[in-house]
Amino acid sequence: MELQQKNPLKEFAPQLERTSIQGYAWILFLLMVIGVGVYAFLQQVIHGHEVTGMRDNVVWGVYIVNFIFFMGVSYAGALISGTLHLFKTAWRKPIIRMAEFITIIALLIGPCFILLCIGRLDKLHYLVIFGRIQSPITWDVIAISTDIFGCFIFLYLSLLRDLATLRDYELLQLPNWRKKIYKALALGYTGTPEQQERLNRATDIMAAMVIAIAIIVYSVLAWIFSVTLQPGWHSTIFGPYFVIAAVYSGSAVLILCMWVFRKVYHLEEYITKKHFVSVGVIMLVLAAFFGYFTFSDYLTKWYGSEKNDELLIQLLFKKFYWPFIISNYVGVLLPLLVVGIAKFRTITNITLTSIVVVIALWLNRYIIVVPTLESPYLPIQDSRPEWLNYSATWVEWSLTATGVAVFCLLFTLASKFINIVPVTGLQKEEKKEDILV
Amino acid sequence: MEEELNKNQKNSRRQFIKKGLIAGAGVAVGSGLIAAYVDSTAAETGEKVKVLTTGGEIMEVDRGLLKLPRVSREESHKGIPGRKFVMVIDLGKCKNARKCVQACQKGHHLPKSQEFMKVYLLQDSEKTAPYWFPKPCFHCDNPLCVSVCPVGATFKRSDGIVLIDNERCIGCKFCMTGCPYSTRVFAWKHYPEFDVDKEPYSPEASSPGKEGTVSKCDFCPDLIRVGKIPYCASACPMGVIYFGDVDEDTVTNGTETFQFSQLIHDRAGYRYLETLGTRPCVYYLPPVDRQFEVDRGFGDLDENIKERYKDTPYSKKNKP
């Protein structure tokens, strides 16, 4: 059956078997960043939230921005891999696992940032014991935990065939305990027609479910902001706007991951320009949608010019001028130009654009969260500078870096545990010219 | 049941007016539980306060000996039966003396950086008059802070008071973004002032404060229970702040007592940002027939307090 075909695992096995010196250095570096983050976190626990830049007006800062950002990134797998799976897109195979890993790893990190924002972590279990269904935070708790659960199942189902391949691959030079793990995780899958049919059906169902759950999660996240009366947040467009921004950032992070793994594991044969261009086109379409939503949101606020909306827009165009320009102009137009114009459409350009898009979308969340809190209905009248203007402290930046480092570390470890490119049913990319390439 | 309640209310209103007339300055609104507990072990401060005994008599007691009874957490979730509290703030009389802020901070054992009562210098538009705007919690009848709380740590009581249970609060700060009036404050660390209060915690006292949780103006239900008006109302030298009961239709600042509905009607009382639909329980009387020039409000302030107002349109315009 499919497992008896020529085993392509031979090519990927070294990734799992050996870690280079650079690889260890990289892991050590990440651990050091995380170590500083742990120290920062202890500072926050010992000295209270005063060590952050947050104060009574800007009660949510970079932590919430990171929360929204990572949750958004987690969309890469959910929507992109889910959709590609359902449409049976042929080129998805080499990149689909990366997308699924992005989803689950980002989904594990995101909620940690909201925990950093909570004043009394010792009472966290109250969310369950005394949970009120009327509160959007309760919706969020339910939605995110469902999402993590669903995405784990989806990921696992897609790993199953490869786990069986790893179990059956005798030449694999790995310690016995790891082989035992593969054996246990493969659940006795041997690839009989019946098993295959069941697995396919389960994956189809989960792909659809994961898309639906992800849309709910991100809408709920948006509603945390838009159910309040704050100028700039109290907007009906926020649900879909957040969903689009999320997939958009997910697609950019996926391109970055493709580039990194292509270089590190020499996957040039499997991940080709076609993949970059295809995901790039997805990114382009999302950029257009994102720009459209952004424009709609700000146009109506500016044109109708209610007093507090006007103050907010003034703030955005003065104090937050550069973040606003980068996130809402550069972040929209650059992918349209780079991917849209054939001449610019190279792997390097698309990757560089993705970096800009990732930064732009982080800034986009920043200028959604902070300026609104800095311009409440009653003007802030205070003589303490930190009360007037939010600026994140080293503790917040360090923990932000830790979030990114944990993301990289988990991704590195995951790629050491299982081949980052699925081997089952994989074919090397044919040298066939695509219209877009 | 309902009849009985009505009868009680009628009685209490009659009693209230009677007592209000007798009591005079600095004393007691309301009815029901009127009792002051005296702690004979405490140190005297020399400052006398008048209290009503359970027998309805007025007694002078040293403030230092006065110990407010603290009801349990369960009890404090319910509210005082048959009451509906309201506050009226006369903007025509405020000169930013900040006595309300100080009394409130002292009464609730707050650090200087936490103000349950804030005084703003507002000016609605360029050509309109500037005025001082004391702002407590509005104890909204449609409180968004209560709706968004994930654990029920902030709640609306039967007497209209929106309270916070700091032992329940997880510190997510969602209520702070939910409140459109910037009313709530967060304990960003453990302030030494929290340790001053040795009494057991009660949501009605909002004290001792707890690190990592949210607190705010509580309408001083512990004072109301002993028949007194909130710290801010009794401390104001101008009598700006009136406190009372909508059902009794009476508000007092300690010296003057008014019929609430009549006062609002005659003086065109309004609620701040009515359009937001939060239905506040705090009413403002417009800043007309001023007793003081706005500039008097800058009078004896500390430099750091003065500095607060330096970016207001009014201060900028008057810059030399």
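1. Let me start with the hairpin in chain B of this predicted model. Strands E6(B) and E7(B) make it up, with 6 residues between them. The two strands run antiparallel and are joined by 6 bridges. If you want a place to start looking, Gln123(B) stands opposite Pro130(B) in E7(B).

2. Staying with E7(B), which covers residues 130-135, you will find that 6 of its 6 residues are buried. Both faces of the strand are covered. Pro130(B), Trp132(B) and Pro134(B) lie on one side, while Tyr131(B), Phe133(B) and Lys135(B) lie on the other. Note that a lysine is among these buried residues.

3. The partner strand, E6(B) (118-123), also has a role in the contact between the chains, giving two or more residues to the side of chain B that touches chain A. Helix H4 (144-148), helix H5 (174-178), strand E10 (185-186) and helix H9 (303-308) of chain B do so as well. H5(B) supplies the largest share, 4 residues.

4. How many residues does each chain bring to this contact? Chain B brings 38 residues and chain A brings 34 residues. On the chain B side they divide into 20 nonpolar, 11 polar and 7 charged.

5. Over in chain A, helix H4 (residues 75-86) is worth a look. At 1.5 Å a residue, its 12 residues should span 16 Å, and the end C-alpha atoms are indeed 16 Å apart, so the two values agree. Just after H4(A), Lys88(A) takes a positive phi of about 50°.

6. Is H4(A) enclosed or open? Here 10 of the 12 residues are buried, so the helix is largely enclosed by the rest of the structure. The buried set runs from Tyr75(A) to His85(A) and includes Gly77(A), Leu79(A), Ile80(A), Ser81(A), Gly82(A) and Leu84(A). These buried residues pack against several helices of chain A: H3 (62-73), H5 (93-117), H7 (136-168), H9 (193-226), H10 and H11 (273-304).

7. Finally, the largest nonpolar core. Of its 196 residues, Ile102(A), Tyr248(A), Leu254(A) and Met283(A) touch the most other members. Helix H10 (residues 238-264) of chain A gives this core its largest share, 16 residues.

8. Which residues is Tyr248(A) in contact with, leaving aside its neighbours within four places in sequence? They are Met283(A), Leu286(A), Ala287(A), Phe290(A), Val357(A) and Leu361(A). Met283(A), in contact with Tyr248(A), is itself one of the core residues that touch the most other members.

Notes: Residues are numbered from 1 along each chain as its sequence is written. Chains are lettered from A and ligands numbered from 1 in the order in which they are written. This is a predicted model: local features need pLDDT of at least 70, side-chain atom pairs count only at pLDDT 80 or more; totals for chains, interfaces and linings use all residues. Two residues are in contact if their C-beta atoms, placed from the backbone, lie within 7 Å. Ala, Val, Leu, Ile, Met, Phe, Trp, Tyr, Cys and Pro count as nonpolar, Asp, Glu, Lys and Arg as charged, and the others, Gly among them, as polar. A residue is buried if 20 or more other C-beta atoms lie within 10 Å of its own, exposed if 12 or fewer, and partly exposed in between; C-beta atoms are placed from the backbone. Two strands pair if DSSP finds at least two bridges between them. A nonpolar core is a set of buried Ala, Val, Leu, Ile, Met, Phe, Trp, Tyr and Cys residues joined through C-beta atoms within 7 Å. The expected span of a helix is 1.5 Å times one less than its number of residues.
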